[in-house]
Structure formats: C-alpha cells, structure tokens
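Subject: Structure for your review

Dear colleague,

Please find below the structure that I am handing over to you, followed by an account of what was found in it. I would be grateful if you could read the notes with the structure open beside them.

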Amino acid sequence: MLQAEKNRVIAELKARIANHESGAETERPSFLLGLSEVDQVLPDGGLRLAALHEVAAAAYRDMGAATGFLISLIIRASRDVSLPVLWCETAKPPFDMGRLYGPGLSAFGMEPERLIHAFPASDADCLWTIEEALRSRAFSIVVGEIDGRSPVLSLAATRRLQLAAETSGVPAVLFTGHAKEGASVAITRWRIASARSSPVPYVTPEEKLPGAPRWKVELSRARGGKPASWLLEWNAMKGAFTAVSQAEGNDGARPALTASPSASPLRQIA
Amino acid sequence: MRSERRVVSLWLPFWPIERLYRDLERRHGKVAKRPRAIARSGAGGVRIAACDQLAKTAGVEQGQLVPDAMALCPSLELHPADSDGDREALQHIARWCGHYTPWATMDPVGRDAEPDGILLDITGCAHLFGGEEALLANLHGRFNKLKLTVRAAIASTPGAAWAMARYGPHPFSIVQKDGEASALHDLPVAALRLDSAIADALMRLGLKRTGDLYGKPRAPIAARFGEVVARRLDEALGFEPEPISPISPPVLYRAQLSFAEGLTQLGHIEEAVLRVTGDLCEVLQREQQGARQLELHLFRVDGEVVRLRAGTGRPSHEAEHLARLFREKLAQAGDDFDAGFGIDGITLACLAVEPLLPAQNSFGGSEVCRQNLEGFLDRLSNRLGPDRVVRLEPRASHIPERAFTDVVALRGLTPSMRGWTMHRDQHRASMLGGSLPRPVRLLPMPEAVDVIAEVPEGPPRIFRWRRILHRVARSEGPERITPEWWRGNRQRTRDYYRVEDEDGRRFWLFREGLYCRGSEAPSWFLHGVYE
C-alpha cells in the first residue's frame, strides 16, 4: 500500500519534470476579451498580461473608435483587479482629439475614480513614465498615448517596455494614433475603424437614432497567432463585447455605402 | 527680560561698486584697471553714489556732482545706479547665508539710503561652526572668495550689531551679552540707525556720541525728533524687542553638510544628498514625524544657491525614497545643472511634516500595492510636476466642461471621487428625460463647425470639422443645456446633438444660441468625440 503510494508520487514527479524539460509552453496569464471568437484566435487564449500591446486607429477620424476600444480593453483587464489604471499622454497632445472625459468614461462602463492621468512634457518622459509605472506594479494596466511617428518610439524603446511588462506581469498598451506601423516588439497590434452603430431596439428605423458603438477591429499582428478581423459591438451596461455578423452589420435599415468587397469586416487577412 | 538671542550684522561697505566689479568680471572676464563710479540723480543734478579706490585717490567723493568729479578725474568711467538690481543681488547673498542659519535676511536699513547689509539670527547656530569667533572667521573667508569686503559684528540685538559693524573700531567684533551699552558708548549717534537729518541735528545740539543720550530725559528729545530716537536706542540696548523676519519661512527640521572643497560631480552631489537626507530622516524617525515638503539648498562657492523642492503624497522618513526624489530632479536638470565652481554646502529643510507612527509591515497584498502606488506617484509628481499627475473628480454642473475637475493625484482618493457612480446613475436616470450619453473624449475648447441643417432648429445634416465633410446618417437630440445664470457670464443656451456620420463616426455637436428675434444668429460647435 505504502509502496503503491510512493510509486504514484514518483510517477507524478517524473511527469512534471518531463513536462518542464520538454520546454512546453507554461501557462501565461492573460485576460479574456470575453468573446470566444476573439479569445481563441489569440495565442494565449486571451490578451497576455505580461506583455506590450499596441492599438492604432485606421485613420485620423477613427481616433474616437480606437479610444473606445482601448477603454474597453482597460475595463476587461481591470475587472478582477482593484488597482488603478494609468493613462499617460504628452501634455501637448499629438492627435489633438481632446482628453478623456469623466462623465463619458462612466457612461461607457469604466470607473473614472480608478484613472490616474499623467501628462509628461515630452515623449521621452512619457516612455519613462510608462516603464516606471510598469515596474512599480501599482497599476492593473498602463496606457501610453504616443504618436507612432515619434522618433523616441524606437524598436529598443518598445523592447524596454516589453521587458518591464514581462518582469512585472502588468500589461502595457501603446496607443500610437493613426500612423503607419513602425518597428515594435509588441505581441499584438490592433487597428480600429469606426463602424455604423447597432440599431436601437424598440425604435422605428425612420427615427435614425445612433445605437451602441461598433468597431471594425483588426488584429493586424499577433505573435504566435494569426491576424484576423471582426465587427465588434460594445455593451456598456454588461462591460462586454458581442460579435456582429456581416449580414447584421450591413442590415437593411442602413444600406451599405462602402460596398467594396474588401471592406467586408469578417474577411480573414491571414 | 533679556533674551539669549545672538545676531550677526554684516555690512558690505563697498556694496554697489563691488557688485559692479563682479558683474563686469562675469560679463567680460578680466576688467581693465581704471577709475569707476556709480552715479545717481540727486539734489541739484547727477551725483556720485559710490566710487572705487582709484577714483577716490583721484579726489572723487561720494555725493559729488558728476561734472566736478569728471573735472578731477577725466578718465572716470560712469555707470548708472541700479538700486533694484543691488537689492536683488543682496537678497541673493542673504539667501546664500541661509547656509549659516535659516533666519537670514537682507537688512532693510542701510547706512545710506539703500540697504547694504545682511542680518543673521544665529541663536543656537554658532556652535555648528565652532563658536562665534570661528563663525566670523568663516564668514570673512567666504566673503573674501566672493570678492566682497565685509565688516561684521555679533551682538544680542540687531541694533547693537548694526552699529558695531558700521561704526565699530574693528572690522570684526563680538559684543558680549549685556555689553551693548558700553560698546556703543563712544560711537556717533548715527550708529543708532537714525536718519541723517536727525543725526546731524543731534550732533549740532552737542549730542555727538551714543553715550550722550544715555540717561537723558526723553520727553524733550521726543518732542523735537519724534519717538524714533528713544526707540532706536532701546532697540540697540535690548530694552525693546526687534524681530527679524527670515526670507523663507522658518523650518522645523533641517540638516546640513559643509565641504572643504566644492563638489562638482553629479555623482558626488547625489551621494551628499543621500547623506544629508539620512541625517534628517534620523531625526524625523526619532520624533515620529514624516516629511511632506522638502527643500534642498545647494550652496555654490560663487555665492549662488540652487533650490530644489520635492513633495510627497504621504509623510515619509525613508532616506532612500526622499533622496531619490531629489536624484530624479538633478538627473532631469541633466546638462542644465550647473554646479558652478563647486558646491560647498548643502542644507535640507523640511517645510511640512506630519506625524508618522511606526507601522507594522504587513505581507498583505493591498498594503504593498498602496505603498507601491504612493511611492510611484511621489516620484512621478516630482519629476513631471504635481499638477501633471491628476485624478478626475466629478463636479455638480450641467455645463459639460465644468462637470469634472482635475485633482492632484498626490492628494489621494478624495471622498467626492467616489461620487462618479452617483454621477453615472443620475445621468442614466436623466437619459429617460432626453439627456444624451457623454462622449469619451472632450475637446479642450468647443470648435466651430460649418453646418447645414434641414430645418433651422433641427439636427445637422452635413457638417465640416477640421476640413473634413461629414454627412450625418443618424442623430439624437437635442439636449438643451442652459447657462448657469448665477455665474453672470453671457453664455448662450446650447442644444446638444449626438450624431453619427455615414461611416459610423460619432460626434457631440451643439448649436449655441436660439432662433429668436433681435439676437445673434446661433452658431454650431463640435465639443466631443464618441467611441
């Protein structure tokens, strides 16, 4: 009996050692976007916590949509953690799209009291702030708004941020505006475009009211995963995404004006 | 009741002219030897206010008319008087004397019209320099390095020290406690800090020396010259108190270090800062106090003072943490940081403290997280400036740009920040009454847009913002927001619309003003961008 117990323990230990030696991917903690269509495409089954991510707008006019998507990421990343969120942007905003608005954030589903807003004077200070914030482990997520064209945002700079995120286990998101993609070690990169909002329930289409926000979300790069794109809708009350099918996205109430096939939101880029 | 006070009065007898030389040297390096004088317009024309030794040997005197002086010494180089500059520079030196005592100030009373000295209250400080004689020697040495002639006296009252410094027989003198009356006995009455007119009048009456005034009936003198003579005498002899107000507010805790040689390397200065912080923290820990506001003074050999301030979100007496706040400031100054010819003294003053009881270090996660956050916010606020690290606080206002305010994050979570939830619930309730959801980004200023609407009071159909044309596909509104009449500003009523263009971009626009007779036509603005 005793011998059997011993054998079982030894077998278990052997299996564990074998597992380690084979270099099998250890579980990397991640947070879920809460939508299986998206989460299963991502290499870690969600967005990896200890890593650098990038969000960009597809065009200058899509900055609002990209901000919305980014805030929904913040909400998802900080829902089970009680730590505050750091958002830092250079004091002279590169994109001139205004600053985060408390009442709007709370309507969107985020708690503005958790937000700490920093306004460094230069992009270099902004990078310093992000890195130090990651290393302090005082935040659930750290967001930096830096123009993707900024000369300080080099490959080496993103590597520093990635390293800081890795050692602290805190996710970092760079919001790079609408610039063309620069060199970066970010493990995921998202491009966001606006999409026409959902129909409002219980209202006749003739009234033409804007509904819940929808975005064309393109995962343009995912290390260890495939690029993909979706049409997502954000539900502020539930704090969750819902996927919208192509047909519904172009439903009859609003005829598609951009009817070119390439604009189809569900097309897989892979 | 005689106090135990000890005061140094410093007199710079050649102040304006020596400052002129310092300035010239700084500007041109080497200064050619020639007679120079400072001129100021006075009674009957421009007169010589001060002159150097060369001019003096040529016969130039203070108070002479400039043409007379020029006649005596044709090569005289004249400079206009700069009283404000003189005062400012003197104030600077007074601040630099903060190295000796925090109670240092420019002496407002000069021997002539302009201030020409500094007062230091060294009560309880002299021993730090090895006694009063050593302190005077130290002062002498340092002012020599600054190329300033100085006379100084230590006494128990500012008045007596003033008199001894300016009229005493020796350039450096110490008047022992209760020795003022005999020390001042033989000095001229002008030593009592009296107006030259009053001093002259007293001289004419035969009251030539201070001693002549001792024991004289006061009423006749007061009747003729006012209370001032008796008051100045009492002040000098210590019968009437005379406070010194320091330039900077008095501090509770202070630590200092002096060096024989000036430090010039940043690394050494940082090391010194760490050491002085350690000294201060030792005292703070003993007294169970934590620093909230600190000021670091770096005294340069050439008489300049570099001042750095740092604040903390929570009281702290950890030397490493506090030193790091200054290290970041020094690092940020980087190449701009100018140690001049070196730094030979450092003081660290604690401007604000709060009780800090020793805390049990818990291994609980939340406590560690709180400390992490506070430590980080301290460093960030000191590097970027406290008003650049903020939290948002809701405010009770319907005007969108007034519905929130920035609160310095160092102040921590204020109770009203928890009001965001209430704010949101209220807003959700009012949405039933036609209120619109708010955008996630608000422009700092509403931006004017060109709008075409189907009906004047309807939502926009097409609008142009930042040179891009947007065709509105869907819209919601209006939500009318009337100005806050109690503010009394002439704002107009706004009608807000939430619109979505054909590509799905959502904006927050408003029409300012109403369509009614006799008023300005309404105009359109874009105020926010939706997600």
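Strand 17 and strand 18 of chain B form a hairpin with two residues between them, and in its turn B:Arg466 has a positive phi of about 50 degrees. Please bear in mind throughout that this is a predicted model. The pairing of strand 17 with strand 18 of chain B is antiparallel and runs over four bridges. Within it, B:Ile462 has B:Arg471 in strand 18 of chain B as its bridge partner.

Strand 17 of chain B (residues 460-465) also takes part in a hairpin with strand 16 of chain B (residues 450-453). Here six residues lie between the two strands. Strand 16 and strand 17 of chain B pair in the antiparallel sense, again over four bridges, and B:Ala453 stands opposite B:Pro460 of strand 17.

Strand 18 of chain B leads on to the interface, for it is among the elements that each supply at least two residues of the side of chain B that touches chain A.

The interface between the chains

In total, 48 residues of chain B are in contact with 50 residues of chain A. Besides strand 18 (468-481), the elements of chain B that each supply at least two residues to its side include helix 14 (365-384), strand 13 (389-394), helix 15 (420-431) and strand 15 (441-448). Strand 19 (494-501) and strand 21 (523-529) of chain B are also among them. Which element of chain B gives the most to the side that touches chain A? It is helix 14 of chain B, with eight residues. By class, the side of chain B that touches chain A has 25 nonpolar, seven polar and 16 charged residues.

Strand pairing also crosses from one chain to the other: strand 6 of chain A (residues 115-118) and strand 13 of chain B run antiparallel and are joined by two bridges. In this pairing, the bridge partner of A:His117 is B:Val390 in strand 13 of chain B.

Helix 5 of chain A

Helix 5 of chain A comprises residues 123-136. At 1.5 Å a residue, its 14 residues should span 20 Å, and its end C-alpha atoms are 20 Å apart, which agrees. The helix is mostly covered, with 11 of its 14 residues buried. Among the buried residues are A:Cys126, A:Leu127, A:Trp128, A:Ile130 and A:Leu134, and also A:Asp123, A:Asp125 and A:Glu131. Just after helix 5 of chain A, A:Arg137 takes a positive phi of about 55 degrees.

A three-stranded sheet in chain B

Chain B contains an open sheet of three strands in the order 3-2-4, with mixed pairing. Its edge strands are strand 3 (45-51) and strand 4 (77-80) of chain B, each of which pairs on one side only. On average, neighbouring strands of this sheet are turned by 45 degrees against each other, direction ignored. Strand 2 of chain B (residues 36-42) pairs with strand 4 of chain B in the parallel sense over four bridges; one residue of this pairing is B:Ile38, whose bridge partner in strand 4 is B:His79.

Helix crossings in chain B

Helix 1 (residues 15-28) and helix 4 (residues 83-96) of chain B have axes that come within 11 Å and cross at roughly 85 degrees. The two helices are therefore roughly perpendicular to each other. B:Trp15, B:Pro16 and B:Arg19 of helix 1 make the contact with B:Asp86, B:Ala89 and B:Leu90 of helix 4. By class, this contact has four nonpolar, no polar and two charged residues.

In a second crossing, the axes of helix 6 (residues 158-167) and helix 11 (residues 228-237) of chain B come within 5 Å and cross at roughly 90 degrees. That makes helix 6 of chain B roughly perpendicular to helix 11 of chain B. B:Gly159, B:Ala160 and B:Ala163 in helix 6 meet B:Arg232, B:Glu235 and B:Ala236 in helix 11.

A buried proline

B:Pro115 is found in the loop between strand 5 (104-107) and strand 6 (117-121) of chain B. Is B:Pro115 buried or exposed? It is buried, since 20 other C-beta atoms lie within 10 Å. B:Pro115 and B:Arg87 are 28 residues apart in sequence, while their C-alpha atoms are 7.1 Å apart in space. Leaving aside its neighbours within four places in sequence, the contacts of B:Pro115 include B:Arg87, B:Leu90 and B:Met106.

Yours sincerely

Technical notes: Residues are numbered from 1 along each chain as its sequence is written. Chains are lettered from A and ligands numbered from 1 in the order in which they are written. This is a predicted model: local features need pLDDT of at least 70, side-chain atom pairs count only at pLDDT 80 or more; totals for chains, interfaces and linings use all residues. Two strands pair if DSSP finds at least two bridges between them. Axes are lines fitted to C-alpha atoms, for helices over the stretch in contact, and angles run from 0 to 180 degrees between N-to-C directions. Two residues are in contact if their C-beta atoms, placed from the backbone, lie within 7 Å. Ala, Val, Leu, Ile, Met, Phe, Trp, Tyr, Cys and Pro count as nonpolar, Asp, Glu, Lys and Arg as charged, and the others, Gly among them, as polar. Angles under 35 degrees count as roughly parallel, over 145 as roughly antiparallel, 65 to 115 as roughly perpendicular and the rest as oblique. A residue is buried if 20 or more other C-beta atoms lie within 10 Å of its own, exposed if 12 or fewer, and partly exposed in between; C-beta atoms are placed from the backbone. The expected span of a helix is 1.5 Å times one less than its number of residues.
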